[in-house]
Amino acid sequence: MSARILVAEDDPKQANLVRVYLEREGHSVLLVGDGRAALEQCRTRRPDLVVLDVMMPLVDGLDVCRILRGESDVPILLLTARTTEEDVLLGLDIGADDYITKPYSPRELAARVRALLRRAGAVSAGNHAVLRVGDLEIDPGRFEVRVAGRPIVLTAKEFGILEVLAAEPGRAFTRAQIIDRAFGFDHYVLERTVDAHVMNLRRKIEEDAAEPRYVQTVYGRGYRLADS
């Protein structure tokens, strides 16, 4: 799957290495060296995916991610030297779809990009029936979610989790099952990563995220989508 990819990385050597590997995969790659340029290029060039370094001049990667997520559902892959679980969850909490920690293998980065593009492509190519639960409406074919007619912008991972739950409303899915179906077998994901995405999902679709109506916790098991 060929895609237009924006790589925001202020280390020219690292940026060019990433570019070489992604171009070998058949992608078109645009390089920028700071967060301000990343925002400008995302708004004008509309990339299919963004590879975003956290530590960048002018506007750091986390702020870029937060701003982009308010404007677009473009898949975002974070590059971070921060390796603690809390730092990783922070990136996911503000809307990143995936992350990779430095130092990393360019081959692994290319594999993560493939996984994100497959997921985004599968969603956009889907032709599933629209599911309605109360005021919640999920349209997998259009990659759209509405609550009481109001469109909700979700990341690819948030939509993937919702789509898994929506496939069988009322069924309780374990975190491992959600990881396997929404993230893919070739994706290393902590179970707390699922919790972070679910928390963000609830903030967007629930009237009260602390008392969720739609995405419900099944204690000792995982999560389910209400069936009525």
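**Group meeting: a walk through the predicted model**

Let me begin with the rings: the structure holds 0 aromatic pairs, where rings of Phe, Tyr and Trp (its six-membered ring) would pair if their centres lay within 6.5 Å, with planes under 30 degrees apart counted as stacked, over 60 as edge-to-face and the rest as tilted. What you see here is a predicted model, in which local features need pLDDT of at least 70 and side-chain atom pairs count only at pLDDT 80 or more, while totals for chains, interfaces and linings use all residues. Residues are numbered from 1 along each chain as its sequence is written, and side-chain values use heavy atoms, with hydrogens and water left out.

One ring does have a charge over it: the charged end of Arg 24 sits over the ring of Tyr 21, 5.1 Å from its centre, and a charge sits over a ring if NZ of Lys or CZ of Arg is within 6 Å of the ring centre and within 35 degrees of the ring normal.

Now to the cysteines. The structure holds 0 disulfides, a disulfide being a pair of cysteine sulfur atoms within 2.5 Å. Why is Cys 65 without a bond to Cys 42? The closest cysteine sulfur to that of Cys 65 is the one in Cys 42, and because it is 10 Å away, it is too far for a bond. Cys 65 is buried, with a relative accessible area of 0%, and Cys 42 also counts as buried, at 9% relative accessibility; buried means under 20% relative accessible area, exposed over 50% and partly exposed in between, with a 1.4 Å probe and protein chains only.

Next, strand β3, which covers residues 49–53; helices (H or I, at least four residues) and strands (E, at least two) are DSSP runs, numbered from the N terminus. Are the residues of β3 buried or exposed? Buried, in 5 of its 5 residues, with Leu 49, Val 51 and Asp 53 on one side and Val 50 and Leu 52 on the other. Strand β3 pairs in the parallel sense with β1 (residues 4–8) over 4 bridges, and 4 bridges also join β3 to β4 (residues 76–80), again running parallel; two strands pair if DSSP finds at least two bridges between them. Val 51 stands opposite Val 7, and in β4 the bridge partner of Val 51 is Leu 77.

Further along the chain, an open sheet of 4 strands has the order β6-β7-β8-β9, with antiparallel pairing. At its edges stand β6 (131–133) and β9 (150–152), each with a single partner strand, so one side of each is left without a neighbour in the sheet. Neighbouring strands of this sheet are turned by 25 degrees against each other on average, direction ignored; axes are lines fitted to C-alpha atoms, for helices over the stretch in contact, and angles run from 0 to 180 degrees between N-to-C directions. Helix α6 (residues 156–167) packs on this sheet, touching β6, β7 and β8, and its direction makes about 100 degrees with that of β7, where contact means heavy atoms within 4.5 Å. Helix α8 (residues 191–205) packs on the sheet too, touching β7, β8 and β9, at about 165 degrees to β9.

To finish, 3 strands form an open antiparallel sheet in the order β10-β12-β11, whose edge strands are β10 (173–174) and β11 (215–218). Thr 174 stands opposite Gly 222 in β12, and α6 lies across β10, β11 and β12, at about 70 degrees to β12.
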